[in-house]
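Biologist: I should be grateful for a close look at a single part of this model. Please begin with one residue, work outwards through its surroundings, and then place that part in the chain as a whole.

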Amino acid sequence: MLRPKPVEYEQRRTMIDVFNKIAKDIFGKKDDFPVVEPFGSFTMDLFTTKSDLDLSVNFSNDMDGQFARKDKISVIRKFAKVLHKHQ
């Protein structure tokens with residue numbers, strides 16, 4: 001009963017694609033970055049139909065690289081403005 005249907009998997013994949021297009025529109029693409037990737041319950045196939053979709057915006061493969069807090073906030077604000085326009 002709680003198990004998601006195939007359409008719900010597809011809807012989540014579509015949302016990830018939409019967020020990747022938004023990231024490309026905002027930041028452009030350099031070496032295939034930025035990329036929006038899912039993590040959490042969806043990637044582990046443990047989500048339910050009412051679960052949220054956890055997403056990460058990655059700007060490089062460098063796991064040691066850190067962005068300044070103000071840069072992270074700037075990225076989130078840019079995404080928020082675009083999402084607000086699309087409501």
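Modeller: The residue I propose is G28, which counts as partly exposed at 26% relative accessibility, because that class lies between the limits of 20% for buried and 50% for exposed. The model is a predicted one, and every value below is computed from it. G28 belongs to the loop between α1 and β1. It comes after helix α1, and its phi is positive, near 75°.

The surroundings of G28 can be read from its contacts. Neighbours within four places in sequence being set aside, G28 is in contact with A23, F33 and P34. Two of these partners, F33 and P34, are joined to each other by a cis peptide bond, with omega at about 0°. P34, like G28, has its place in the loop between α1 and β1. The third partner, A23, is one of the buried residues of α1. Residues up to four places away again being left out, A23 touches G28, P34, V36 and F79. A23 and G28 thus both have P34 among their contacts.

A23 leads from the loop to the interior. The largest nonpolar core is made up of six residues: F19, I22, A23, V36, V75 and F79. Two elements, α1 and α2, give two or more residues to this core. Its largest share, three residues, comes from α1. Of the residues that A23 touches, V36 and F79 are themselves members of this core.

The helix that precedes G28 deserves a fuller description. Helix α1 spans residues 6-27, a total of 22 residues, and reaches 32 Å from its first C-alpha to its last, close to the 32 Å expected at 1.5 Å a residue. Its buried residues are E8, Y9, R12, I16, F19, N20, I22 and A23. They cover an arc of only 160° around the axis, and therefore lie on the same side of α1. Charged and polar residues appear in this set, including E8, R12 and N20. The cover over the buried residues of α1 includes strand β1 (35-39), strand β2 (54-58) and helix α2 (69-86). On the face turned away from the buried side, α1 carries the exposed residues P6, K21 and D25.

Charged pairs come next. Side chains of opposite charge can pair when their charged atoms come close. The structure holds two salt bridges. One of them is formed by R13 and E10, whose closest N and O atoms are 3.8 Å apart, a distance that satisfies the limit of 4 Å for a salt bridge. Both residues lie in helix α1, three residues apart, or about one turn of the helix. R13 is partly exposed, with a relative accessible area of 40%, and E10 falls in that class at 43%.

The other salt bridge brings together the side chains of R3 and D45, at 3.0 Å from N to O. This pair links distant parts of the chain, for R3 is in the segment before α1 and D45 in the loop between β1 and β2, 42 residues apart. R3 counts as partly exposed at 49% relative accessibility; this value places R3 below the 50% over which a residue is classed as exposed. D45 is likewise partly exposed, with a relative accessible area of 34%. The backbone at D45 merits a remark as well: its phi is near 60°, a positive value in a residue other than glycine.

It remains to place these details in the whole. The protein chain has two helices and two strands, and from the N terminus on its elements run α-β-β-α. Of its 87 residues, 22% are buried. Among the contacts with a separation of 6 or more, 53% are between residues 24 or more positions apart. The C-alpha atoms fill a box of roughly 45 × 35 × 25 Å along the principal axes. The accessible surface comes to about 7,000 Å², and carbon and sulfur atoms account for 55% of it.

To return to the starting point, G28 is a partly exposed loop residue that follows α1 with a positive phi. Its contacts include F33 and P34, the two residues of the cis peptide bond, and A23, a member of the largest nonpolar core.

How values were computed
Residues numbered from 1 in each chain as written. Predicted model: local features only at pLDDT ≥ 70, side-chain atom pairs only at ≥ 80, totals over all residues. Heavy atoms only, no water. Helix = DSSP H or I, 4+ residues; strand = E, 2+ residues; numbered from the N terminus. Expected span 1.5 Å × (residues − 1). Buried < 20%, exposed > 50% of the residue type's maximum accessible area, 1.4 Å probe, protein only. Arc of directions from axis to C-beta. Contact = heavy atoms within 4.5 Å. Areas by Shrake-Rupley, 256 points an atom, 1.4 Å probe, with all protein chains shown as cover. Core = buried A, V, L, I, M, F, W, Y, C linked by side-chain atoms within 4.5 Å.
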